[in-house]
Amino acid sequence: MVKFQDSDIDRTFAALADPTRRYILLRLEEKPGLSVSELARPLSLKLPGMMKHLDVLSDAGLITRVKSGRTVLVNLSVGPMQEAMEWLKRYERFWTSSLDRLVALVEKDSAQ
């Protein structure tokens with residue numbers, strides 16, 4: 001098997017694969033600048049578990065952390081997601097044509 005170096009987009013998709021990390025990103029979209037404690041509270045995560053998720057998101061470039069006194073504030077960083085979306089758009093034509101064929105099939109069946 002060939003061993004590849006992790007690229008930025010690989011880290012992005014790996015980070016987005018986890019539902020907890022996607023929820024964290026959703027919260028940061030709704031309320032930028034939340035503290036680590038505020039992010040962990042609704043998830044019932046202990047600080048070490050939350051920090052592991054934040055480390056993965058940070059390594060992927062999806063968040064930034066800023067220390068303000070004793071509090072660490074977390075913000076969303078959308079650059080890596082834009083790169084992932086551009087990659088996905090290359091393949092959009094495949095599922096769009098499949099959906100078009102499905103709609104045509106359903107409409108044909110309902111007309112009979």
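**Aromatic rings around tryptophan 87**

Biologist: Why does tryptophan 87 count as partly exposed?

Modeller: In this predicted model, tryptophan 87 has a relative accessibility of 33%. Buried would need under 20% and exposed over 50%, so at 33% tryptophan 87 counts as partly exposed.

Biologist: What makes the contact between tryptophan 87 and tyrosine 91 a tilted pair?

Modeller: The ring centres of tryptophan 87 and tyrosine 91 are 4.9 Å apart, and pairing requires centres within 6.5 Å. The planes make 50 degrees. Stacked means under 30 degrees and edge-to-face over 60, so 50 degrees leaves tilted for this pair.

Biologist: How many aromatic pairs does the structure hold?

Modeller: The structure holds 2 aromatic pairs. In one of them, the rings of phenylalanine 13 and tryptophan 87 have centres 5.7 Å apart and planes at 65 degrees. Because edge-to-face begins over 60 degrees, this pair is edge-to-face.

Biologist: Which parts of the chain does that pair link?

Modeller: Phenylalanine 13 belongs to helix α1 (residues 8-16) and tryptophan 87 to helix α5 (residues 79-89). The two residues are 74 residues apart, and the pair links distant parts of the chain.

Biologist: Why is phenylalanine 13 called partly exposed?

Modeller: Its relative accessibility is 30%, and partly exposed lies between the limits of 20% and 50%. Tyrosine 91, at 35%, counts as partly exposed by that rule.

Biologist: Which residues form the aromatic cluster, and which make the nonpolar surface patch?

Modeller: Phe13, Trp87 and Tyr91 form one aromatic cluster. The patch, of about 360 Å², is made by Phe13, Trp87, Tyr91 and Phe94.

Note on methods. Residues numbered from 1 in each chain as written. Predicted model: local features only at pLDDT ≥ 70, side-chain atom pairs only at ≥ 80, totals over all residues. Heavy atoms only, no water. Phe/Tyr/Trp six-rings, centres within 6.5 Å; stacked < 30°, edge-to-face > 60°. Helix = DSSP H or I, 4+ residues; strand = E, 2+ residues; numbered from the N terminus. Buried < 20%, exposed > 50% of the residue type's maximum accessible area, 1.4 Å probe, protein only. Patch = residues over 30% accessible without salt bridge, like charges linked within 9 Å, V, L, I, M, F, W, Y side chains within 5 Å. Areas by Shrake-Rupley, 256 points an atom, 1.4 Å probe, with all protein chains shown as cover. Salt bridge = Lys/Arg side-chain N within 4 Å of Asp/Glu carboxyl O.
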